[in-house]
Amino acid sequence: MTKEIHLRPIFAVHEAIQHPVPVELEKQLQNRKLGGNIQEYYKTIWDDAKRNMKVPFVDYKMAGVFAFFNEPINAVKLSEIFPHEHISVSGWNNVLKALSPLLIANDDNYTILHNDVRVYLSGIIGQDMDNVQEVYSGLCDYYLNLKEKSRAYYSDIICYLKLAGRENEFTKVYSADYIISAYVQGVEINELWEISQDILEYIISGEPINWEYMRCLAFGYMTIDQIEKSSYEIENTNFRKSLAPLNIHPYECYVQSESLWNIDILETVIALTKKLYVHGELSRATALFKNWFSKMNILQIYAYLGPRNKDKNFLSPDLQSITGNLAECICHSGEVSILQGTINLFDIDEHFSRHFVKALI
């Protein structure tokens, strides 16, 4: 409710700018149902935009671009992302204009007004992984054909390939030149290590291991290592030490079906939540954590984490890290209802419970 109270005046101001005549403004607000549930307001604008397109277009593709893409969007980009839809640049411009005020215009570029809109749009594409992969595949093709690479390209392309089910194409991108260019574009060393770690996990999961992939990755690791060493070896040179802005992670846009949950997914969500808190992205961190865990208690969460703890007399270092991060995120988010069942957890796994409670304190 607090979120809706906060957003309604913002949208009302944008509507008032477009309709300065009071009678017209009142009619517009009624037609768009801004006085009701904020989701109804989003839906009305989205449905109107679809009707105005007058082209046989699947709306989940467009919603996916707005939900997943980490760059400002314009008509030229949309025509390049969806070349097979045969929609003109002017046609895409009309679509973008029709989505005001969910999108904010800055010259020819558009950005989403609020992360809540991104969450709504991700709901349109839903949990259909075929649709999700199709959208990410389109974004991959767009980036792979892009001549002038942006910072977002270097941050996102490997992740997009993974989410498109095209991880085996990482060698088209990942190289020593990619690492150097990414660093020059502003991608931090820690982020480059994380990207490389994801690739390593993909490679070692293969049977048998593809050693050409491993060779490609090794060159990347050596390049990152050399850049990192240079920051200590070169005197009188200022290397970046600041934290880079965090791009939107797919798990901020949708919650994976609980039937597909496992410890790796939960570990990623919990670690991402803590990372957002550390970077000062408090509202994003809290929204992510609540979307995934607000209806759960510690016993339900432990059901996914516990199987990794083979020895109940010992808590492995990775579980200690996950448990500590989970406790920290509960405190930051204020989701104390998750603590229900903590007493019962002592009977199930005393070492896990003690570490969890100690982290909370």
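**A hairpin and a kinked helix**

Strands β1, residues 103-106, and β2 run antiparallel to each other, paired over four bridges. This is a predicted model, and I will cover two parts of it.

I'll stay with the hairpin first. Which residue of β2 is the bridge partner of L103? I112 is. Two residues lie between the strands, and in this hairpin D107 has a positive phi near 60°.

Now the side chains. In a regular strand they alternate between the two faces of the sheet. Strand β2, residues 109-112, shows that alternation. Y110 and I112 point to one face and are buried. N109 and T111 point to the other face and are not buried. So I112, the partner of L103, is on the buried side of β2.

Next, helix α9. The helix covers residues 151-163, 13 in number, and from first C-alpha to last it reaches 19 Å, close to the expected 18 Å at 1.5 Å a residue. Where is the kink in α9 centred? On I157, with a bend of about 40°.

As for its surroundings, α9 is mostly covered, with ten of its 13 residues buried. I157, at the centre of the kink, is one of the buried residues. The others include the polar S155 and D156, and the tyrosines Y153, Y154 and Y160. Also buried are A152, I158, L161 and L163.

What covers them? The list includes α4 (59-68), α8 (129-144), α10 (176-185), α11 (189-204) and α13 (250-253).

One last item on the backbone: just after α9, G165 takes a positive phi of about 75°.

Definitions and conventions
Residues are numbered from 1 along each chain as its sequence is written. This is a predicted model: local features need pLDDT of at least 70, side-chain atom pairs count only at pLDDT 80 or more; totals for chains, interfaces and linings use all residues. Side-chain values use heavy atoms; hydrogens and water are left out. Buried means under 20% relative accessible area, exposed over 50%, partly exposed in between (1.4 Å probe, protein chains only). Two strands pair if DSSP finds at least two bridges between them. The expected span of a helix is 1.5 Å times one less than its number of residues. The bend at a residue is the angle between axes fitted to the seven residues ending there and the seven starting there. Contact means heavy atoms within 4.5 Å.
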